[in-house]
Amino acid sequence: MKASDLVVQCLEAEGVEYIFGIPGEETIDLIDSLSRSSIQFVVTRHEQGAAFMADVYGRLTGKPGVCLATLGPGATNLITGVANAHLDRSPLIAITGQTDRSQLHKESHQNIDTIQLYKGITKYNQQIASAHTIPEIIRKAFALATTDSFGAVHLQLPVDVARDTVVGSPLPIGRKAKVCPDKSSLHTAAQLIMEAKRPIILVGNGAVRSRAWKEIRQLVEKANLPLVNTFMAKGFLPFDHPLNLFTVGGSFDPDGLLPLHEADLVIAIGFDFVEFDSKFWNEDKSRKVLSIHTTYAETDAHFPVELDLVGDLRETIKALSNLLNRRPEPVDYEKIRVRRMKKLRAIPSEQDLPHKVMWTLSKKLPKESIVISDVGLHKIWVSFWYQPKLPGQTIIFNGLASMGASLPGALASCLVKPNCPVVIITGDGGFLMNAQELETAKRLGLSFTIIIFNDQRYSLIEKHQCNANIAVTQISFTNPDFNLFAQSFGVAYRRVTNTEEFPQALTEAVDSGELNLMEIVIRNPIIEIK
């Protein structure tokens, strides 16, 4: 058979449903093989969008999302999305074409060393130099993308290898044994928790990847342990749960840091260092850390690990829960919760449109809704004010924190969970970075709601300039007429200019079953979170 046919057979054996990308001259054999397969090739309008789609597919399914690009500019255009998956630890497989192997030793058309380019942003980075190695390389790629800490993989397929004749078949996928820490370590962990005066759980992105929300809630309730979550781990406890102390992260909300400041033991579950630098909540290094993760904790002076529990998160947490008794009521934390609840329940003022948007989303969206935040000042609003009803349904890009990922992410969300309403929240800056994927969404017949905060500036940078007491400059731009822009793609358009208009506009958009673009005009974007 042709080698590209074997590649596709191996991808099918791995359960690949979609490949996102753009065809190129050096990938036409692989595209041809895909055309006769069960895999749907989703033609995107930019390779960066394809990588973001694969990233979000991986976040929502736990299986590697796959993106495809040709050599040269196609491969370089994927890089931002692949790096985004790398730092947020999303399982992703990037496949890029390459020139004929006989041309690799010299300067040739569109030939750059993409293996070197992808070296720092992948767990595994391999050229398929011989057709008979295809089954081994693809099996290894998928295994590594979902082993320990998830991550991105890059495979390079030269055009002459894709056209080779080969005999082979996919390798079998063996079952992975669930690994749990030894009993002695679990007993030591339980002793740390029971002897601590003010322990608190800090749940992070790794717990989302492990789908450990049920086990973590059982741990919280059995041992009576309060919980805070990072931006990327929203929704582990319901809003009204008495042990939910809500979101921490960044340096925008001093009250949000108080729960960790009060602790003497931080039980970090699935916590990734890209989420929230520990120097912000453990500057004096006085708080001990119990790290529970799929890998050993990063070395950091402000993250003094008393004990590392490494293994399958769900199994580890279940085993630990069995060793714990109910602790006394966390009185000090209850005061913090009451203060934070008061702020989160407060009805926003007429002037506070961003807060009103998040408050309404929390109240009105169906519980199964997927909310995706782009990167900008609005990400802070989503992180602190939006309260999801379920875990794993809020996507926030926080490692590489790349702008422009939300719209492509919405496409993947609709494909993965077609019965869940999808709402993306973006700024005018981030939206226009990948706005061309509106055509992809329309072509695929997808329906979701895009909320664009239009303030004609990079307002998060403006905020940092203000905080640094330096001149506000070089942050402004102009925008197209978003009504005409939406019309040109055949997308429904709505415009909101005040707090009274948004609830009805949101209901109409979500209930319409259409692709909607909602422009929210912001007059004063620099609104403090207090």
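**Notebook: helices, rings and buried residues**

I began with helix H6, whose buried residues (buried meaning under 20% relative accessible area, exposed over 50% and partly exposed in between, with a 1.4 Å probe and protein chains only) pack against helix H1 (3-13), strand E3 (65-69), strand E4 (92-98), strand E5 (124-127) and strand E6 (152-158). I noted that the model is predicted, that local features need pLDDT of at least 70 and side-chain atom pairs pLDDT 80 or more, and that totals for chains, interfaces and linings use all residues. Residues are numbered from 1 along each chain as its sequence is written, and side-chain values use heavy atoms, with hydrogens and water left out.

For the element names, I kept in mind that helices (H or I, at least four residues) and strands (E, at least two) are DSSP runs numbered from the N terminus. The buried residues of H6 are Ile134, Pro135, Ile137, Ile138, Arg139, Ala141, Phe142 and Ala145. I then checked the span of H6 (residues 134-145): its 12 residues, at 1.5 Å a residue, should span 16 Å (the expected span being 1.5 Å times one less than the number of residues), and its end C-alpha atoms are 16 Å apart, which agrees.

Next I looked up the aromatic rings, where Phe, Tyr and Trp (its six-membered ring) pair if their centres lie within 6.5 Å, with planes under 30 degrees apart counted as stacked, over 60 as edge-to-face and the rest as tilted. I found 17 aromatic pairs in the structure. In one of them, Tyr18 and Tyr57 have ring centres 6.4 Å apart and planes at 75 degrees, so the pair is edge-to-face. This pair links distant parts of the chain, since Tyr18 is in strand E1 (residues 18-21) and Tyr57 in helix H3 (residues 47-61), 39 residues apart. Tyr18 is buried at a relative accessible area of 15%, and Tyr57 is buried too, at 4%.

I turned to Phe431 and Phe482, whose ring centres are 6.1 Å apart with planes at 65 degrees, so this pair is also edge-to-face. Phe431 lies in helix H17 (residues 428-431) and Phe482 in helix H20 (residues 482-489), so the pair ties together parts 51 residues apart in sequence. Both Phe431 and Phe482 are buried.

That led me to H20 itself, where Phe482, Phe485 and Ala486 are buried. These residues cover an arc of only 95 degrees around the axis (taken from the directions from the helix axis to the C-beta atoms), which puts them on the same side of H20. The face turned away from that buried side carries the exposed residues Leu484 and Ser488. Among the elements covering the buried residues of H20 I listed H17, helix H18 (437-444) and strand E16 (449-454). At the N-terminal end, Asp481 caps H20, with a side-chain oxygen 2.9 Å from the backbone nitrogen of Asn483. Just after H20, Gly490 takes a positive phi of about 75 degrees.

Last, I looked at Leu202, placed in strand E7 (residues 199-203) and buried at a relative accessible area of 0%. Leaving aside neighbours within four places in sequence, Leu202 is in contact (heavy atoms within 4.5 Å) with residues including Val228, Leu260, Phe271 and Trp281. Phe271 and Trp281 also belong to a cluster, linked by ring pairs, together with Phe273 and Phe303.

Technical notes. A polar contact is a pair of N or O atoms within 3.5 Å; within protein, one must be able to donate a hydrogen and the other to accept it, and residues adjacent in sequence count only if both atoms are side-chain atoms.
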